[in-house]
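Visitor: I should like to learn how to read a structural model of this kind. Would you take me through its features one at a time?

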Amino acid sequence: MKPVKIKEVVLHTVKMRLIAPFTTSFGTFQEKHVCLVEAIDESGISGWGETTTSDEPYYNEETTHTAVYMLKDFLIPRIIHKTINHPLDVHDMLTFVRRNQIAKSAIETAIWDVFAKKNNLPLSELIGGMKTEIEVGKSIGIQESPEKLVEKVGEYVKEGFRKIKVKIAPGADLDYIEAVRKAFPDAPLMADANSAYTLNDIEHLKKLDQYNLMMIEQPLAHDDIIDHATLQREIQTPICLDESIHSLEDARKALQLGSCRIINIKIGRVGGLGEAIRIHDLCRDNGVPVWCGGMLETGIGRAHNIALTSLSNFTIPGDTAPSSHYWDEDIIEPEVTMDLGIIQVQSGPGIGFEVNRKKLEQLTIEKERITTAETPHPIP
Ligand SMILES: O=C(O)CCC(=O)c1ccccc1C(=O)O
Ligand SMILES: [Mg+2]
C-alpha cells in the first residue's frame, strides 16, 4: 500500500452545543470545544480526526485544551514530514509521550483517514471490517425522575435502538432501573455508573442482579481493575470496563484478573484506532465481546466509531447514535442516520463522509496551521 507523509496539520477548534444537556455521575454537559484535526499529505489529501474529550477533566484527565497543547508541542512535531508506511505504526511513534491518549488518537485517526483515502479504501475495509451495517444503542443521561427516564426509554425503544444504556449514580439507581424494567420487561438494558461506587457498595450493587441487565459499566474507580475483579466474583451482572482500559496491556491484565466480562472500546481513550483494533483482537481471541463507546462526538469521531464497529467481535450494539441525537446540524455530509437501530457502514474512501466546510467555518473559534516539526521541546 502507498505510504503517506503529512506536510501540514490544521487544528480547527470548534464550539459545539448539544441539543440537550447530558448528565452523568461526574457532571452535566451541554457545550464543548472540539479540536478537529485535519492532516494533509503531500498530495493534498485531507484526513480528519477529533479530540473526543470535553472541556473539563472529569471523565479522564484530559481536556480539549490539554489535547491541543499536546498535539501542537509534541505529537504533531513527531509525525510531520515522516514517511508513514502504515497507520498501525503511528501508535508506537507517539509512545514517547506518556498517556494523553485522546490527544494521540486525534492525530492518529486523521492519519488513518488520509491513508485510507490515499489507497482508495473505505476505512472499515482497510481495518478488515466485514460488516456492512452495525447495530446501535442509546446512552441516556441521568433524568430528574424515574418516570421521566421511562418516558425517554419509551421514545428510544420505539425509534428502534438495540440497546438502552442508563446512566446511574448513588441516589439515582435502583428505583430508576426498576421503573424501566417494569415498563420494558424485555428491553436490552444496561447501566453505566462512571465510577460512582466503591467496594463498600457491594450489597447495594448486588440488588441490580434482579433486573437482568446486559452489564454494568465501570461501577468502581476510574483507575481500578483489582476491586472490579472482586466485585465481579460477587455479582451476577457482567461488568464492562470503560474508564479503566487505556491500552492493550490494560485489557490483557483486566481479562487475566477477571475484572470484567465485556469491554467498551473507545478509540480516544485507548490512544487511537490501531490500539482499538488490537484490543478488539485480544478480546475476540479470549471470547470476550466488545462494543464501541461514545464520547458525544461530532460526525468525524462518529465516522471512525462506525468503521471500527464493522469488525466482527463488536457483537454488542455501541453508543454510536445518529447525528440528530446530538446536534441541530452535524459538521459532516451526509449526516449519520439510523433506520430502526441500524447504521450503514460507509462505502466511500476513508471515513466516507465529507466535512461541511461552510458549517466548519461558522463553528470555528480558532484555527492553527502547523507545517514544521519545530517545537520548543526536544523530540526523540
Ligand atoms: O452517546 C454517546 O456518545 C455516549 C455518551 C456516554 O455514555 C459518555 C459520554 C461522555 C463521557 C463518557 C460517556 C460514557 O460512556 O461513560
Ligand atoms: Mg461509560
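Visitor: How are the donor residues of the magnesium ion (ligand 2) spaced in sequence?

Guide: One reads such a spacing as a pattern of donor letters with the intervening residues counted. The model before us is predicted. Here the pattern for the magnesium ion (ligand 2) is D-x24-E-x24-D.

Visitor: Which protein donors does the magnesium ion (ligand 2) have?

Guide: A donor is described by its residue, its atom and its distance from the metal. In this case Asp192 (OD), Glu217 (OE) and Asp242 (OD) lie 2.1 to 2.3 Å from the ion. Asp192 and Asp242 link distant parts of the chain, being 50 residues apart. Asp192 belongs to strand β8 (residues 189–192), whereas Asp242 is in the loop between β10 (239–241) and α9 (248–257). Glu217 is placed in strand β9 (residues 216–217).

Visitor: Are these donors buried or exposed?

Guide: The test is relative accessible area, and a residue under 20% counts as buried. Asp192 is buried because its relative accessible area is 0%. Glu217 is likewise buried, at 0%, and Asp242 is buried at 0%.

Visitor: What does UniProt list for "binding site"?

Guide: An annotation comes from a record and may then be set beside the coordinates. The unreviewed UniProt entry lists Asp192, Glu217 and Asp242 under this feature. These residues are spread over 51 residues of sequence, yet they cluster in space, with a largest C-alpha distance of 9.2 Å. From this set, Asp192 and Asp242 are taken into the lining of the largest pocket.

Visitor: Which residues surround Glu217 and Asp242, beyond those up to four places away in sequence?

Guide: A contact list shows which parts of the chain meet at a residue. Glu217 touches ten such places along the chain, if I may name several of them: among them are Lys165, Asp192, Asn194, Cys240, Asp242, Asn264 and Trp291. Asp242 touches Tyr59, Glu217, Gln218, Asn264, Lys266 and Arg269. Asn264 thus appears in the contact list of Glu217 and in that of Asp242.

Visitor: How many disulfides does a search of the whole structure find?

Guide: One looks at the separation of cysteine sulfur atoms, for which the limit is 2.5 Å. The search finds zero disulfides. The sulfur of Cys240 has its closest cysteine sulfur in Cys260, and the two are not bonded because 7.1 Å is too far for a bond. Cys260 is accordingly in no disulfide. Cys240 is buried at 0% relative accessibility, and Cys260 is buried at 6%.

Visitor: What is the strand order in the open sheet of seven strands?

Guide: A sheet is read from one edge to the other, following which strand pairs with which. The order here is β6-β7-β8-β9-β10-β11-β12, and the pairing is parallel. The edge strands, β6 (138–140) and β12 (290–292), each pair on one side only. As one example of the pairing, strand β11 (residues 262–265) joins β12 in the parallel sense over three bridges. Within that pairing, Ile265 has Cys292 of β12 as its bridge partner.

Visitor: Where does UniProt place the feature "domain: Mandelate racemase/muconate lactonizing enzyme C-terminal"?

Guide: A domain annotation gives boundaries, within which composition can be computed. The unreviewed entry places this feature at residues 146–238. Over that range the chain is 41% helix and 11% strand, with the end C-alpha atoms 23 Å apart.

Visitor: Where is Arg78 found, and which residues does Arg78 touch?

Guide: Location, accessibility and contacts are best taken together. Arg78 is found in helix α1 (residues 64–79). Arg78 counts as buried because its relative accessible area is 18%. Apart from residues up to four places away in sequence, Arg78 touches Met93, Leu94, Phe96, Ile379 and Pro380. Arg78 and Val90 are twelve residues apart in sequence and 9.8 Å apart from C-alpha to C-alpha.

Visitor: Is Thr371 buried or partly exposed?

Guide: The reading follows the steps used above. Thr371, in the segment after β16 (364–370), is partly exposed because its relative accessible area is 39%. Leaving aside neighbours within four places in sequence, Thr371 is in contact with Lys7, Glu8, Ile80 and His81. The C-alpha atoms of Thr371 and Tyr69 are separated by 16 Å, the two residues being 302 apart along the chain.

Methods. Residues numbered from 1 in each chain as written. Chains lettered and ligands numbered in written order. Predicted model: local features only at pLDDT ≥ 70, side-chain atom pairs only at ≥ 80, totals over all residues. Heavy atoms only, no water. Donors = N, O, S within 2.8 Å, 3.2 Å for Na, K, Ca; no water. Helix = DSSP H or I, 4+ residues; strand = E, 2+ residues; numbered from the N terminus. Buried < 20%, exposed > 50% of the residue type's maximum accessible area, 1.4 Å probe, protein only. UniProt positions renumbered as here; feature names shortened; annotations may be inferred. 1 Å grid on protein atoms, 1.4 Å probe; cavity = no way out; pocket = protein on both sides within 12 Å on 5 of 7 lines; lining within 4 Å. Contact = heavy atoms within 4.5 Å. Pairing = 2+ DSSP bridges.
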